[in-house]
Amino acid sequence: MRLQEELEIFVRAPIQVVWDTLNDFESWPRWSTYIKEVRKEPRGYRFVARGMPPVDLVWVAQGVKREEPYYLEFASVPGAQHGLNVSGWVKLEETPKGTQLDLHFDGMVDFSSPLLERVADVYATLFGEPHKLLKVTLEEFKREAERKAQLAAA
């Protein structure tokens, strides 16, 4: 199963607030419906997201290029144990009324079982869960960054 998404969203928050919210990975489970756990590892972060029952989506990613507060490129940590190989980037652009966020995400399921991979393909075809996961998480991210911006302005 391959997941490739290009998403954009406008966040009513200063670019630095958006950048800081994006990079506070360990806080993601507090505001995200789908992200269950994020844990720092020696070479990146391990993400656990609710996938199709009973299998969670797990990936270990690291930043491969950072241009604070405008650009973050990420990719799976080579050799890390996970079920989803990922790569992509997030680009932020400041505007007078907030921040434009563009996301490119590319993921490939890499389960150890061919049967499990086939089940994942069928499930994704029927229910579109991975695409929903990204879109909902991005909307929740927007709400969190806007909430932080309001708190900072108060």
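The following exercises, each with a worked solution, concern a predicted model.

**Exercise 1. Determine the order of the strands in the open sheet and state which strands stand at the edges.**

Solution. Step one is to read the order of the seven strands, which is β1-β7-β6-β5-β4-β3-β2. The pairing in this open sheet is antiparallel.

Step two is to identify the edges. β1 (2–11) and β2 each have a single partner strand, so one side of each is left without a neighbour in the sheet.

Step three concerns the angle between strands. On average, neighbouring strands of the sheet are turned by 20° against each other, direction ignored.

Step four takes one pair as an example. Five bridges connect β3 and β4 in the antiparallel sense, and Ala 49 stands opposite Leu 57 in β4.

**Exercise 2. Describe how α1 packs on the sheet and establish how many of its residues are buried.**

Solution. Begin with the strands that α1 touches: these are β1, β4, β5 (71–76), β6 (84–95) and β7 (98–109). The direction of α1 makes about 165° with that of β6.

Next, consider burial, for which the cut-off is under 20% relative accessible area. Seven of the nine residues of α1 are buried, and the helix is mostly covered. The buried residues are Ile 15, Val 17, Val 18, Trp 19, Thr 21, Leu 22 and Asn 23.

**Exercise 3. Identify the residues that touch the most other members of the largest nonpolar core, and list the contacts of Trp 59.**

Solution. As background, nonpolar side chains in soluble globular proteins tend to be buried together.

The largest nonpolar core holds 38 residues, and those touching the most other members are Val 18, Trp 28, Trp 59, Leu 101 and Phe 105. The element that gives the most to this core is α4, with six residues.

For Trp 59, neighbours within four places in sequence are set aside. Its contacts are then Ile 35, Tyr 45, Arg 46, Phe 47, Ala 49, His 82, Leu 84 and Val 86.

**Exercise 4. Find which parts of the chain are linked by the salt bridges of Lys 148 and Lys 36, and classify the accessibility of the residues involved.**

Solution. The whole structure contains eight salt bridges. One of them joins Lys 148 to Asp 24, with the closest N and O atoms 3.9 Å apart. This pair links distant parts of the chain: Lys 148 lies in helix α4 (residues 129–153), and Asp 24 lies in the loop between α1 (15–23) and α2 (28–31), 124 residues apart.

For the second pair, Lys 36 and Asp 56, the closest N and O atoms are 2.7 Å apart. Here too distant parts of the chain are linked: Lys 36 is in strand β2 (residues 35–41), whereas Asp 56 is in the loop between β3 (44–49) and β4 (57–67), 20 residues apart.

The classification uses relative accessibility, where partly exposed lies between the buried limit of 20% and the exposed limit of 50%. Lys 148, at 24%, is therefore partly exposed, and Asp 24, at 29%, is partly exposed. Lys 36 has a value of 40% and counts as partly exposed; Asp 56, with 27%, counts as partly exposed.

**Exercise 5. State which residues are joined into one network by salt bridges that share partners.**

Solution. Start from the salt bridge between the side chains of Arg 39 and Glu 37, at 2.7 Å from N to O. Sharing of partners among salt bridges then joins Glu 37, Arg 39, Glu 41 and Arg 46 into one network.

Finally, check accessibility for the starting pair. Arg 39 is partly exposed at 38% relative accessible area, and Glu 37 is partly exposed at 32% relative accessibility.

Technical notes
Residues numbered from 1 in each chain as written. Predicted model: local features only at pLDDT ≥ 70, side-chain atom pairs only at ≥ 80, totals over all residues. Heavy atoms only, no water. Salt bridge = Lys/Arg side-chain N within 4 Å of Asp/Glu carboxyl O. Helix = DSSP H or I, 4+ residues; strand = E, 2+ residues; numbered from the N terminus. Buried < 20%, exposed > 50% of the residue type's maximum accessible area, 1.4 Å probe, protein only. Core = buried A, V, L, I, M, F, W, Y, C linked by side-chain atoms within 4.5 Å. Contact = heavy atoms within 4.5 Å. Pairing = 2+ DSSP bridges. Axes fitted to C-alpha atoms, helices over the stretch in contact; angles between N-to-C directions.
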